[in-house]
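Me: Please take a close look at a single part of this model and describe it in one connected account.

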Amino acid sequence: MASHLLTNIGELLTNDPSLGDESAVGRLTNAALVLDDGVVAWVGPAANAPSCDHVDDVDGRAVLPGFVDSHTHLVFAGERSDEFEARMAGDRYDGGGIRRTVEATNGASRDDLEAATKVRLAALRRGGVTTVEMKSGYALTVEGEARLVSIAAALTDEVTFLGAHVVPDEFAGDRDGYVSLVAGAMMRACDAAGWVDVFCDRGAFSVDEARHVLAAGRRANKRLRLHGNQLGETGGVALAVEMDCASVDHCTHVNDHELALLGSSSTVATLLPSAEFSTKSPYPNARRFLDAGVTVALATDCNPGSSYVTSMGFVIALAVREMGMTVDEAVWSATGGGAAALRRSDVGHLGLGARGDVVVLDAPRVAHLAYRPGSDLVSMVVRAPRDEFVNE
Ligand code: NIG
Ligand code: FE
């Protein structure tokens, strides 16, 4: 594969403190970057850049690692804008609408589901997402969940089995039966998923039920993540730490004890501000998490109920405006934080040897992501290993 030089970069964030200004985002100005064979091969001042097969002069634009969206529910059919409108008028989000999407999804053909998922994936990619996690969870039957997992697995390496999203109506009188099905036959049918997740919250699954499913996931050599503390202090954070989940996601309501637990663990807190936006819920204060030593990721949570959002730029803007993060912290959380939430060291940074997943902004500084919300600021996305250039 040919070597590729991106030069005349106005501001380059590498997320490698040993490069650039020694901050967590590893900032350089007037910089250049070489991609060789799909990996970062050289980073430094533009004036010292080596010669390469291809040269892209980005004319003073800002460059950063591709976004790592570590939490999406991308495989679904239908939409629930009526619920969104009702929430804006005062209704509360309680997850009950998940069953409507289950019905729509199970009623859709495989071709239609694949096509709809690809449209949403393309929107994420255009916005600079180069690594994406996708969950199942809108089928809630053995065959249906396996179908969603196989659609996701054709599109990404980071696939999560979320059979424990809610208890389907058919099992309303037999919760234990559903939990056993999820932890047994359904999980086996979804073997293509490397991750297991549970919606552990009010109206979904209890801590004990979630522990049962996660423990089965661990026995099946799956890696673990958890939806926790979205609707209240419902015990998900402590369970995630107990089970060494890679990430506990939402964390809308957390107390100081839970923050201390998280801070002394290797579990990442994935905050999803577009879910708070779309459910009109209070935003978590990210500063409390950071001060407690917690690693914070930001993700879109793209789903038709609580967050029909495909823009990491919008997520970053919310985190800066509403959650007390600096721009550098928010951008790190949307890149390096997402990588940590997926326990990946090859993405989320542009240190030497990292995958060459790169976003070029149509702006001189990365701060424009928060400063100009709603603008299409991505001018180019490079995704390794295919050396694939889009949006040029
Ligand atoms: O992460 N909280 C649980 N699951 C999704 C929402 C699903 C839905 O409402 O359809 C979430 O917000
Ligand atoms: Fe979610």
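Reply: The account below starts with one strand and then turns to a metal site. This is a predicted model, in which local features need pLDDT of at least 70, side-chain atom pairs count only at pLDDT 80 or more, and totals for chains, interfaces and linings use all residues. Residues are numbered from 1 along each chain as its sequence is written, chains are lettered from A and ligands numbered from 1 in the order in which they are written, and side-chain values use heavy atoms, with hydrogens and water left out.

Strand 7 covers residues 129–135, and 7 of its 7 residues are buried. Here, buried means under 20% relative accessible area, exposed over 50% and partly exposed in between, for a 1.4 Å probe and protein chains only. Strands (E, at least two residues) and helices (H or I, at least four) are DSSP runs, numbered from the N terminus. Two strands pair if DSSP finds at least two bridges between them. Strand 6 (residues 67–69) runs parallel to strand 7 and is joined to it by 3 bridges; Asp69 has Val132 as its bridge partner in strand 7. Strand 8 (residues 158–164) also pairs with strand 7 in the parallel sense, over 3 bridges, and Glu133 stands opposite Glu158 of strand 8.

The loop between strand 6 and helix 1 (81–88) holds His71. The iron ion (ligand 2) has as protein donors His71 (NE2), His73 (NE2), His227 (NE2) and Asp301 (OD), at 2.0 to 2.4 Å. Donors are N, O and S atoms within 2.8 Å of the metal (3.2 Å for Na, K and Ca); water is not among the atoms, so sites may look incomplete. Along the chain, the donors of the iron ion (ligand 2) follow the spacing H-x1-H-x153-H-x73-D. His71 and His227, the latter in strand 10 (residues 223–228), are 156 residues apart and link distant parts of the chain. His71 is buried at a relative accessible area of 0%, and His227 is buried at 3%.
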